[in-house]
Amino acid sequence: MGALHEGHATLVRAAREIAGDRGEVVVTVFVNPLQFGAGEDLDRYPRTLDADLKIAELAGADVVFAPSADEVYPGGEPQVRVSAGPMGERLEGSSRPGHFDGMLTVVAKLLHLTRPDVALYGQKDAQQLALIRRMVRDLNFGVEIVGVPTVREEDGLALSSRNRYLSAEERRTALALSGALFAGRDRHAAQEALRARAREVPATRARAEALSAIGESRAAADAHAVAKAVPGGPAGVRAAARLVLDEAARTKPPLLLDYLALVDPSDFTEVGDDFTGEAVLAVAARVGTTRLIDNIPLTFGAAS
Ligand SMILES: Nc1ncnc2c1ncn2[C@@H]1O[C@H](COP(=O)(O)OP(=O)(O)OP(=O)(O)O)[C@@H](O)[C@H]1O
Ligand SMILES: CC(C)(CO)[C@@H](O)C(=O)[O-]
Ligand code: BAL
């Protein structure tokens, strides 16, 4: 949507890499009215086309396509739109009704107008990326979709054009979004390590007790006990992340949580306690008048 930053530049560099010297890299810059709800930030959304052109060129773009709303929607609001379906009503879709229909409609139009072989989107907008993949598959768009990992500030904050709305104090509070995700990720890593250690010792108590006479095996037996005692898997991850968000809700200025969810990226439904495979820990929150989102991928191993 423009107001380009290093996250966008990373997408452009990745596109340049894929396109090679003989390919062409096209960047689209369009603040799409259709994906903003009433009372959202359409009017104040930063528009910085001159700076965007420089960033895009430096990152390796050949063309910047920055149409006006009249060019994209010459007859006013389109009557026919893409429907994002059930996945589009969850999480972001629940907080921003109609957002994903508007987003997919303009993505379809931009893909038709620019006709790329490959299109790149950031994993920072994980549900958006999943829905674009789904649209391309379900409606047979002949384009390959590539997801690019989230680019962060050194302190963890995910780069976003909306970060420029934040005061210094609000930015400090906003760090709780990535902080919560990292706490969830750390809990997850600790759980997985404990489970791996627990798998090294026999499950029966008698044998674990016998083995615990030996130092190394004792550590493994302890790991087995702890792995059984702490809330494991998805519940533990959610709990660890929530602690950080609860604390941020008590600071000044406060963080107002919209959602924290651990979901299956194929449909954005919450994962159950026995879930294995790729999941996404996602968060959305408001700080002052700014609404931010962030997420990280987590892989849950097979149950021991
Ligand atoms: N930090 C980031 N790392 C990687 N990709 C990103 C990042 N921020 C945005 N993108 C990607 O850049 C593309 C354009 O996104 P958009 O213009 O909405 O940027 P944004 O900075 O996320 O804006 P906003 O915060 O207003 O949603 C999207 O595919 C988005 O996922
Ligand atoms: C996908 C997109 C270009 C649709 O306007 C926008 O949501 C964005 O830039 O993330
Ligand atoms: N970056 C996703 C587009 C939006 O927030 O409207």
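Start by selecting T28, which has 29% relative accessibility and therefore counts as partly exposed (buried is under 20% relative accessible area, exposed is over 50%, and partly exposed is in between, with a 1.4 Å probe and protein chains only). The model you are looking at is predicted: local features need pLDDT of at least 70, side-chain atom pairs count only at pLDDT 80 or more, and totals for chains, interfaces and linings use all residues. Residues are numbered from 1 along each chain as its sequence is written, chains are lettered from A and ligands numbered from 1 in the order in which they are written, and side-chain values use heavy atoms, with hydrogens and water left out.

Now colour strand β1, residues 26–28, and you will find T28 in it (strands are DSSP runs of E, at least two residues, and helices are runs of H or I, at least four, numbered from the N terminus). Add V64: its C-alpha atom is 5.8 Å from that of T28, although 36 residues separate the two along the chain. Then show F65, L110 and T114, which T28 touches when residues up to four places away in sequence are not counted (a contact means heavy atoms within 4.5 Å).

Next stop: ligand 1. Select its surroundings and 19 residues appear, with M1, Y45, K124, D125 and S160 the closest (a residue is near if one of its heavy atoms lies within 4 Å). Which classes make up this shell around ligand 1? It has seven nonpolar, nine polar and three charged residues.

Zoom in on the side chain of Y45, where a polar atom lies 2.6 Å from an oxygen atom of ligand 1. K124 also places a polar side-chain atom 2.6 Å from a ligand oxygen, and D125 does so at 2.6 Å. Taken alone, ligand 1 exposes 590 Å², and the protein buries 93% of that (areas come from the Shrake-Rupley method with a 1.4 Å probe). To see which elements give two or more residues to the shell, show α1 (6–19) and β3 (118–122); α1 gives the largest share, three residues.

Finish at ligand 3. Around it, select M1, Q35, R96, H99, D125, Q128 and R162. Look for oxygen atoms of the ligand: one is 2.7 Å from a side-chain N or O atom of R162, while polar side-chain atoms lie 2.9 Å away for Q35 and 3.0 Å away for R96. On its own, ligand 3 has 220 Å² of accessible area, and the protein covers 86% of it.

Conventions. A polar contact is a pair of N or O atoms within 3.5 Å; within protein, one must be able to donate a hydrogen and the other to accept it, and residues adjacent in sequence count only if both atoms are side-chain atoms. Ala, Val, Leu, Ile, Met, Phe, Trp, Tyr, Cys and Pro count as nonpolar, Asp, Glu, Lys and Arg as charged, and the others, Gly among them, as polar.
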